[in-house]
Every structure is written in C-alpha cells, then in structure tokens.
Amino acid sequence: MVDKDLLSIQETRALVRAARAAQPTLPQAGQERVDALIEAIAKVGAEMAEELGKMASEETGYGKWQDKKQKNILASEKLVSYYRGTKTIGIINEDTERKIVEIAAPMGVIAGLIPSTNPTSTTMYKAIISLMSGNGIVFSPHPTAVKCITATVNMIRGVLKAMDFPEDLVGVISVPTMQGTDELMKITDMILATGGNAMVKAAYSSGTPALGVGSGNVPAFIERSADVDVAVQKILSSKTFDNGTVCASEQSIVTEACIADKVKASVIAQGGYFLEGEKLDKVKRIMERGNGSMNPAIVGRCAADIAKVAGIEIPAGTTLLLCDEPGVGPKFPFSKEKLTALLGFYVVNDWQEACELCYKLLMNGGLGHSIGIHSNNETVIREFALKKPVSRCLVNTPTTQGAVGITTNMAPSLTLGCGTVGGSATSENVGPQQLFNIRRMAYGLDDAAATTGSAPAENIDVQAVTNMIMEQLKKMSGTV
C-alpha cells in the first residue's frame with residue numbers, strides 16, 4: 001500500500017527540482033522573449049476562460065461559471081495588459097545622473113497555494129506574474145479543485161512548450177496533502193498564499209518568505225448624499241458576483257437612519273430578502289460549523305441553494321438574503337465574513353457612528369483588507385478613509401470588482417495584501433514587482449563629488465559597463 005503523504009512529498013520535491021533547473025532559462029531569454037511568452041499565455045488563457053470557468057464551477061460546486069469566466073479574463077488578458085511594457089527581466093532602470101543601475105534578480109521557484117473558491121483564475125494569475133518576473137512556480141491545489149487547477153497548469157505548460165521554454169517552469173502537485181504542501185513551502189524561495197487564515201498562517205510560519213492575504217469582512221457604507229438605487233445596485237452586483245466567493249465582496253451594508261427605509265426598499269426591489277423569525281433562525285443554524293468557521297455547504301451558493309439547505313421558502317427571484325443584525329462579534333453570525341449570498345444590515349444615526357461600526361466590523365475578521373463607501377460628500381469620504389485600518393477604500397464602486405481592478409485603476413490581482421495590520425507583508429495588490437529582488441550597481445564618486453554631492457568629473461560609459469555585466473550574467477547557469 002502506497003503512503004499518500006510520502007508520495008505527495010516525493011512528487012513535490014521532484015517538481016521543485018525540475019522547476020529550479022528550468023528557471024534560469026527565463027532571465028537568460030531576455031525581456032522581449034519573456035514578454036512574448038506572457039502575451040501567448042494570456043491569449044490562450046482568455047480563449048479558454050469559459051471552458052476553465054465551467055470546469056471550476058462544476059468540480060467545486062462554488063459560484064457561477066459566467067463570473068468565473070470574467071475572473072479568468074481578468075487573470076490573463078487584463079493582467080498582462082496592465083503590466084505591458086513593464087521591465088521585469090535584466091536591467092529595469094538606469095539613473096545616469098546618480099550613476100545607479102537596477103537589475104531584476106528573480107527569487108527562484110515560487111510556491112503557489114490555490115483556494116477552491118477561485119481556482120483557475122488564481123492559478124493563471126500566479127503563473128503569469130511568476131514567469132513575468134523570471135521565476136518558476138509549483139502549485140499546491142486545493143483537494144476539491146485538483147482537476148480544474150491541473151487543466152489550467154497543463155494549458156500553460158502547452159504554451160511554454162510551443163514557445164520553446166521548459167514545461168517544468170510550471171508544475172502542479174497531483175497528490176495534494178498537508179504534508180506535501182508543507183514540504184513545498186519549506187523548499188521553495190517564496191510563497192504566494194491565497195486561502196483561509198490557517199493556510200496563510202502556515203505560510204508565514206514555514207521559514208520561507210511569504211506573501212499571504214487575510215480574510216475580508218468588508219463593510220459598505222451608504223451615506224445620505226449617495227444615489228441610493230445606484231449604490232444598492234453596485235453592492236448587489238458585487239455580492240452576487242460568483243456568489244460572493246471573492247474575499248473583497250461586501251459582508252455588511254451600513255446606512256444612516258434618515259435613508260434606511262429607502263435603502264431597504266431598494267434592496268428588496270432589486271432582489272434582496274430580509275430574513276425574520278423562524279426563517280432567520282434556520283439560516284443562522286446552518287451558517288457555521290461547530291468551531292465557528294463557515295459551513296462549506298453554503299459557501300459560493302446562491303440564495304435559493306442556501307434556502308434549500310436551511311429548509312425555508314423564499315420569494316422567487318431572490319438573489320440575496322439579509323439580516324437586520326443588532327451587533328458585532330461571535331454571537332452575531334451576519335457580522336462575519338460570509339463568502340456566499342448572505343449580507344448583514346446595520347442602521348446608524350450619522351457617518352461618525354458609521355465610522356465606529358465599520359471599524360468594529362473590520363476588527364471582527366477584516367483588518368487591513370477593504371471597505372466600501374457610497375457618497376457624494378467628499379469631506380465624509382476622506383474622513384472615512386483616513387480612519388479605517390484597510391488597504392483599499394473603494395468609493396462609489398462594487399468592492400469585489402473594484403478591489404481586483406475591474407471597475408477601478410487598481411492593479412489587476414487575485415492576491416490582495418492586507419498590510420501589517422492584517423498580518424500581511426504587503427498592502428498592495430500583489431503583482432510581478434513583488435516577485436523579484438533588485439540588485440543595484442552604484443558607481444563610486446570622487447572625493448569632491450562625495451563632499452559636495454555633485455557628479456564626478458570623469459565621463460563613465462555606464463551603458464558599456466552594464467552591457468558587459470549582462471553578457472557575463474547570461475553566460476552563467478545560475479539565477480541572474
């Protein structure tokens with residue numbers, strides 16, 4: 001009988017060895033060839049966006065394939081378009097006046113941890129930013145999404161082969177276990193962790209440098225100057241996008257008492273249903289497991305599916321289930337992150353009270369992530385943003401689409417840093433710029449220049465020297 005854990009560890013080691021041997025071909029190929037490779041992957045990824053979206057939805061049971069298709073396009077075509085022209089290989093900057101040259105030094109082999117909620121899109125996104133920055137990558141797929149993640153990897157490996165690059169630059173564990181994933185995190189050079197808090201914590205505790213993201217418990221404040229119907233439409237379009245599986249989706253609506261009735265009426269008119277009495281009790285009973293974590297039976301499900309699991313009847317056409325939640329904390333399940341078609345609803349007296357409530361909601365599992373505000377009062381918007389411990393304050397836009405860069409000019413990303421306040425090493429939308437070190441060549445200054453800060457008198461041909469260095473680097477077999 002084969003020990004599955006040992007098999008997973010052995011496979012992981014083989015995949016990392018192969019990726020490490022292949023990795024130097026990227027920096028040696030130069031910026032132009034790497035750019036062509038990335039463009040080719042993005043093109044095929046966009047062409048297969050629907051097929052992979054359907055595979056992901058069918059295998060995991062989460063979300064809607066139509067929205068997963070859009071996420072696949074974001075993670076391929078839109079991602080590459082955003083970074084087109086960005087230097088990531090070899091010399092990336094030359095400051096002739098200060099006589100400093102910056103060279104991108106790849107990290108080596110990346111460990112890509114992939115969740116079941118966004119499997120194909122996250123795989124494409126992490127593969128592209130890793131290859132773009134000169135790194136190989138090996139994926140540890142979520143056990144419930146192995147088939148669709150492997151299909152995505154095979155698509156990328158096909159492009160690598162067609163473009164005359166080693167297929168082993170991208171690999172995936174076919175027998176994923178906790179032990180295999182632990183080994184992957186130990187023997188790679190950088191970890192990109194997207195998933196639950198336990199996974200992210202394990203990544204940061206592995207001893208390998210890691211970029212992980214925390215959970216999102218995103219409140220959306222509708223302030224009295226907002227266009228209520230438009231604000232509600234954006235919130236519902238965001239929360240129902242892929243059935244709420246994106247961590248940047250809204251988890252609560254907070255609004256002022258003076259417009260609360262209007263907001264409620266708009267929510268109901270646009271497909272929301274407020275749970276009360278026995279129906280609310282039944283839904284609360286199936287929201288969480290005994291340890292307080294989300295019930296996987298309702299993650300990424302539509303309102304009708306949740307109602308079926310809870311054993312209740314809801315009006316036809318309902319797209320979202322809401323609760324007038326009286327508090328924040330463990331005893332109030334609608335105050336937590338809910339990666340499904342459930343939303344908390346809160347009423348406050350004014351924007352100052354909204355500030356305090358939103359802070360409490362963020363403290364309840366969403367520190368450092370994102371917040372939404374719908375308002376036409378710029379003073380309130382700025383005051384609101386200045387006081388919130390988040391990395392993204394999204395104004396008059398759906399927080400799901402806004403945070404990942406669909407409806408804003410933020411960098412397209414499926415790894416949203418939460419900053420140190422959220423236990424993350426970065427507050428950025430992670431991209432290729434986080435996956436290489438910068439090696440700096442700094443030319444010495446003469447005594448007069450060192451004293452006065454002026455440039456040295458002699459004329460050094462910086463370009464000639466850097467060209468010579470790059471030629472030598474290309475001859476090396478190791479990482480440049």
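## Strands, sheet and cores

Strand 9 and strand 12 (residues 342–348) pair in the parallel sense, over 5 bridges. Across this pairing, Thr-255 stands opposite Val-347 in strand 12. The model is a predicted one.

Strand 9 has another partner. Strand 8 (residues 218–222) also pairs with strand 9, in the parallel sense and over 5 bridges. Here Pro-219 stands opposite Ser-252 in strand 9. A helix joins the picture: strand 8, helix 10 (residues 228–239) and strand 9 make a β-α-β unit, and the unit is right-handed.

How many of the residues of strand 9 are buried? The count is 7 of the 7, across residues 250–256, so strand 9 is largely enclosed by the rest of the structure.

Now to an open sheet. It is formed by 5 strands in the order 5-4-3-6-7, and the pairing is parallel. Its edge strands are strand 5 (170–172) and strand 7 (210–212), each pairing on one side only. From one strand to the next, the twist averages 15°.

Strand 7 pairs with strand 6 (residues 190–193) in the parallel sense, over 3 bridges. Leu-192 has Leu-211, in strand 7, as its bridge partner. Helix 9 (residues 197–204) packs on the sheet. Helix 9 touches strand 3 (109–113), strand 6 and strand 7. The direction of helix 9 makes about 165° with that of strand 7.

The pairings described above, side by side:

| Strands | Sense | Bridges |
|---|---|---|
| Strand 6 and strand 7 | parallel | 3 bridges |
| Strand 8 and strand 9 | parallel | 5 bridges |
| Strand 9 and strand 12 | parallel | 5 bridges |

Next, the nonpolar cores. In soluble globular proteins, nonpolar side chains tend to be buried together. In this model, the largest nonpolar core has 55 residues. Those with the most contacts inside it are Leu-131, Phe-139, Ile-156, Leu-160, Leu-169 and Val-170. Which domains supply this core? At least three residues come from each of domain 1 (4–213 + 430–438) and domain 2 (218–404).

Take Leu-160. Leaving aside residues up to four places away in sequence, Leu-160 touches Leu-37, Leu-131, Phe-165, Pro-166, Glu-167, Leu-169 and Val-170. Val-170 also falls within strand 5 (170–172), an edge strand of the open sheet.

A second core, separate from the largest, has 35 residues. Among them are Ile-222, Val-232, Leu-280 and Leu-322. Ile-222 lies in strand 8 (residues 218–222), and Val-232 lies in helix 10 (residues 228–239).

Definitions and conventions:
Residues are numbered from 1 along each chain as its sequence is written. This is a predicted model: local features need pLDDT of at least 70, side-chain atom pairs count only at pLDDT 80 or more; totals for chains, interfaces and linings use all residues. Side-chain values use heavy atoms; hydrogens and water are left out. Two strands pair if DSSP finds at least two bridges between them. Helices (H or I, at least four residues) and strands (E, at least two) are DSSP runs, numbered from the N terminus. Axes are lines fitted to C-alpha atoms, for helices over the stretch in contact, and angles run from 0 to 180 degrees between N-to-C directions. Contact means heavy atoms within 4.5 Å. Buried means under 20% relative accessible area, exposed over 50%, partly exposed in between (1.4 Å probe, protein chains only). A crossover is right-handed if, with the strands pointing away from the viewer, the path from the first strand over the helix to the second runs clockwise. A nonpolar core is a set of buried Ala, Val, Leu, Ile, Met, Phe, Trp, Tyr and Cys residues joined through side-chain atoms within 4.5 Å. Domain bounds come from an automatic or database domain assignment.
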